Amino acid sequence: MLTKKQLDLLEFIHKRVQRDGVPPSFDEMKEALDLRSKSGIHRLITALEERGFIRRLAHKARALEIVKLPDAMAGKVGGFNPRVIDGDKPDSTPAAAMAVDGTGAVELPVMGRIAAGVPISAISEVSHNVAVPQSMLGAGEHYALEVRGDSMIDAGINDGDVVVIRETTAADNGDIVVALVEDSEATLKRFRRKNGMIALEAANPAYETRMLRDDQVKVQGRLVGLIRTY
């Protein structure tokens with residue numbers, strides 16, 4: 001699954017290659033996706049490469065090659081059918097799968113991996129389910145994510161932990177949230193508002209606080225629990 005920004009970039013590259021025979025420049029990609037810096041394009045390209053949709057070719061200008069197109073582009077480009085994930089979580093999250101079993105546990109979908117470090121793109125598909133004590137959950141919809149990185153280690157969140165997230169778009173100062181940055185990256189950080197900006201704070205002195213405008217950050221959920229396997 002791809003985020004909307006990843007899909008938009010892949011479609012833009014594909015159309016330009018079909019039209020001109022060469023991929024667009026990074027400046028053209030940045031302008032087409034209305035991003036403020038090329039670093040956002042670099043991160044999107046890395047995510048697409050990791051998922052096997054594009055390949056970077058060494059020693060060539062504009063060295064990008066489309067390897068495959070997702071089903072999400074069906075009906076839009078060459079017979080592909082749109083199936084866009086807006087943000088990090090499919091619209092079809094299987095809430096029905098959150099059934100209570102005989103032990104009082106609730107089965108939550110594990111939606112993929114979330115960075116607790118340098119932001120990475122979240123994987124937006126259910127990899128498996130995890131049993132969560134019903135007492136951990138309150139009202140609303142929930143999902144789980146596997147943590148990658150160590151930037152929240154001082155908050156007791158380690159690499160490999162599974163975090164339980166309550167879906168919400170609102171957060172209070174001090175909440176640990178899943179934050180979507182510039183519609184392309186997801187990260188687990190402590191949320192604060194400072195001087196008209198949003199601070200995404202790590203819980204590890206090795207990582208700097210990121211200061212972002214309000215329109216650059218979308219809260220996707222709030223941490224309500226953690227599961228650790230020894």
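**Figure 1. Contacts of Glu-182 in the predicted model.** When neighbours within four places in sequence are set aside, Glu-182 is in contact with Lys-5, Leu-35, Arg-43 and Gln-216. The structure shown here, as in every view below, is a predicted model. Glu-182 lies in the loop that connects β7 (176–181) with β8 (185–194). Glu-182 counts as buried because its relative accessibility is 16%, and buried means under 20%.

**Figure 2. The hairpin formed by β7 and β8.** These two strands form a hairpin, and three residues lie between them. In the turn, Glu-182 has a positive phi of about 55°. The strands β7 and β8 run antiparallel and are joined by six bridges. Within this pairing, Ala-179 of β7 stands opposite Thr-187 in β8.

**Figure 3. Strand β7 and its pairing with β11.** Strand β7 also pairs with β11 (residues 217–227), in the antiparallel sense and over five bridges. Here Val-178 stands opposite Gly-221 of β11. Strand β7 is mostly covered, with six of its six residues buried. Ile-176, Val-178 and Leu-180 point one way from the strand, while Val-177, Ala-179 and Val-181 point the other way. The residues of both groups are all buried.

**Figure 4. The largest pocket and its lining.** The space in the largest pocket amounts to about 220 Å³. This pocket is lined by 13 residues, of which Asp-34, Leu-35, Glu-182, Arg-213 and Asp-215 are the closest to its centre. Sorted by class, the lining contains eight charged residues, four nonpolar residues and one polar residue. Two of the names given for the pocket centre, Glu-182 and Leu-35, also appear in Figure 1, where Glu-182 is in contact with Leu-35.

**Figure 5. The largest nonpolar core.** This core has 17 residues, and those that touch the most other members are Leu-9, Leu-10, Met-29, Ile-41, Ile-45 and Leu-48. The helices α1 (4–20) and α3 (38–50) each supply at least two residues of the core. Helix α1 gives the most to the core, with five residues. Apart from its neighbours within four places in sequence, Leu-9 is in contact with Met-29, Leu-33, Ile-41, Leu-44, Ile-45 and Leu-48.

**Figure 6. A second nonpolar core.** This core is separate from the one in Figure 5 and has 14 residues. Among them are Ile-114, Ile-165, Leu-188 and Leu-223.

Notes. Residues are numbered from 1 along each chain as its sequence is written. This is a predicted model: local features need pLDDT of at least 70, side-chain atom pairs count only at pLDDT 80 or more; totals for chains, interfaces and linings use all residues. Side-chain values use heavy atoms; hydrogens and water are left out. On a 1 Å grid over the protein atoms alone, a cavity is a set of points where a 1.4 Å probe fits but cannot get out, and a pocket is an open set with protein on both sides within 12 Å along at least five of seven lines; lining residues have an atom within 4 Å of a point. Grid points are joined across faces, edges and corners, and a volume is the space filled by probe spheres set on the points. Ala, Val, Leu, Ile, Met, Phe, Trp, Tyr, Cys and Pro count as nonpolar, Asp, Glu, Lys and Arg as charged, and the others, Gly among them, as polar. A nonpolar core is a set of buried Ala, Val, Leu, Ile, Met, Phe, Trp, Tyr and Cys residues joined through side-chain atoms within 4.5 Å. Buried means under 20% relative accessible area, exposed over 50%, partly exposed in between (1.4 Å probe, protein chains only). Helices (H or I, at least four residues) and strands (E, at least two) are DSSP runs, numbered from the N terminus. Contact means heavy atoms within 4.5 Å. Two strands pair if DSSP finds at least two bridges between them.
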